[in-house]
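This report describes how the parts of a single model fit together, beginning with its nonpolar interior and moving outward to a sheet, two helices and a loop.

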Amino acid sequence: LWPGNHRPTYAHYFIRTLQEKGLLLRNWTENIDNLEKVCGIRSDKLVEFYGSFLTWRCENRACETAYDLLWLKERMEMFQFPNCSKCFHKTAPDIRWYHECSSSIFRQADVDAENCDLLIVIGSDLLTAPFCEIPKHVPWDVPRLIIHDTDITNDTDVMDLNVHFDFDSENAYRDVLWEGNTDLGILSLSSYLQWDRDVKYVMESDTALLPTRREIQERLGMVRDEDQRSKPLPKLR
């Protein structure tokens, strides 16, 4: 999970393509691996519900000084404990437990659900709020595409949360399930939309298909380079 050790997948770059086309309302994620930021999803388009390892914070409630990964990296390289530089208490990554999440995040989920015109669920089991609530709160005529390696409608835990989908009954009109590998599902969707070239362009613009480990670390603030500037892509149609 250490930031900079992993690279985004095709699915991440598909979401980035939605952003470049002006079609992404919000990318909600349960992951803490920072790969959405690595592939270029803007902060205003991203909600990392459980936080991430990008920032660390003093555990002393009277202090709570924030530190970036470069600060942590420098101390680990010097074999020093990452104690707060101000009060010398322990520091910890900005990872939130469910009960620590603010109510504003849940309100944002409701607002986003009400304003989206297409819901795509990629890999989530929909077992915790607000992720299990978003499919219930989108307007009745909004299509809901589920890309998952299993048919989650057969999951009793999901049914207990009153998350219901109708993929194959006579009354089904908006729910679609892709059952299988998530990247293959996104690849199929991209092909259906005839976006193959667009996603490939976004990936190739990101330094020969995938960023190097150093480039990932630069984006995450683990390496400071004053000459590094993020260049926006030309607007995609």
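Which residues of the largest nonpolar core touch the most other members? In this predicted model, that core has 22 residues, and those with the most contacts to other members are Trp28, Phe49, Leu126, Ile134, Val138, Ile146 and Phe165. Two elements, α4 (103-115) and β6, give two or more residues to this core, and the largest share, three residues, comes from α4. Separate from it is a second core of 18 residues, including Leu24, Ile41, Leu189 and Trp195. As a general matter, nonpolar side chains in soluble globular proteins tend to be buried together.

**The sheet**

Three strands form an open sheet with antiparallel pairing, in the order β4-β3-β5. Because β4 and β5 stand at the edges, each with a single partner strand, one side of each is left without a neighbour in the sheet. From one strand to the next, the twist averages 45 degrees. Strand β3 (residues 51-58) is mostly covered, with six of its eight residues buried. The pairings of β3 are set out below.

| Partner of β3 | Bridges | A bridge pair |
|---|---|---|
| β5 (residues 91-95), antiparallel | four bridges | glycine 51 with isoleucine 95 |
| β4 (residues 66-68), antiparallel | three bridges | tryptophan 56 with tyrosine 67 |

Tryptophan 56 has tyrosine 67 as its bridge partner in β4, and this tryptophan also stands opposite proline 93 in β5. Across β3, β4 and β5 lies helix α3 (residues 69-77), which runs at about 75 degrees to β4.

**Helices α7 and α8**

Which residues of helix α7 (residues 182-192) are buried? They are Gly185, Ile186, Leu189 and Ser190, and because they cover an arc of only 135 degrees around the axis, they sit on the same side of α7. In general, an α-helix has 3.6 residues a turn, so residues three or four places apart point the same way. The buried residues of α7 pack against α1 (10-20), β6 (119-122), β7 (144-148), β8 (175-179) and α8 (196-205). One of them, Leu189, is also among the members of the second core.

Both ends of α7 have a local feature to note. At the N-terminal end, asparagine 181 caps the helix, with a side-chain oxygen 2.9 Å from the backbone nitrogen of aspartate 183. Just after α7, glutamine 194 takes a positive phi of about 60 degrees.

In α8, the buried residues are Asp198, Val199, Val202 and Met203. Seen down the axis of α8, these residues fall within an arc of 135 degrees, so they line one face of the helix. What covers the buried residues of α8 includes α1 and α7.

**The loop before β8**

Is tyrosine 173 buried or exposed? Tyrosine 173, whose place is in the loop between α6 (156-160) and β8, has a relative accessible area of 53%, which makes it exposed because the cut-off for that class is over 50%. A polar atom of its side chain nevertheless lies 2.6 Å from the backbone oxygen of tryptophan 140. Tyrosine 173 and aspartate 141 are 8.6 Å apart in space, C-alpha to C-alpha, although 32 residues apart in sequence.

Technical notes. Residues numbered from 1 in each chain as written. Predicted model: local features only at pLDDT ≥ 70, side-chain atom pairs only at ≥ 80, totals over all residues. Heavy atoms only, no water. Buried < 20%, exposed > 50% of the residue type's maximum accessible area, 1.4 Å probe, protein only. Arc of directions from axis to C-beta. Contact = heavy atoms within 4.5 Å. Polar contact = N/O pair within 3.5 Å; in protein donor to acceptor, adjacent residues only side chain to side chain. Core = buried A, V, L, I, M, F, W, Y, C linked by side-chain atoms within 4.5 Å. Pairing = 2+ DSSP bridges. Axes fitted to C-alpha atoms, helices over the stretch in contact; angles between N-to-C directions.
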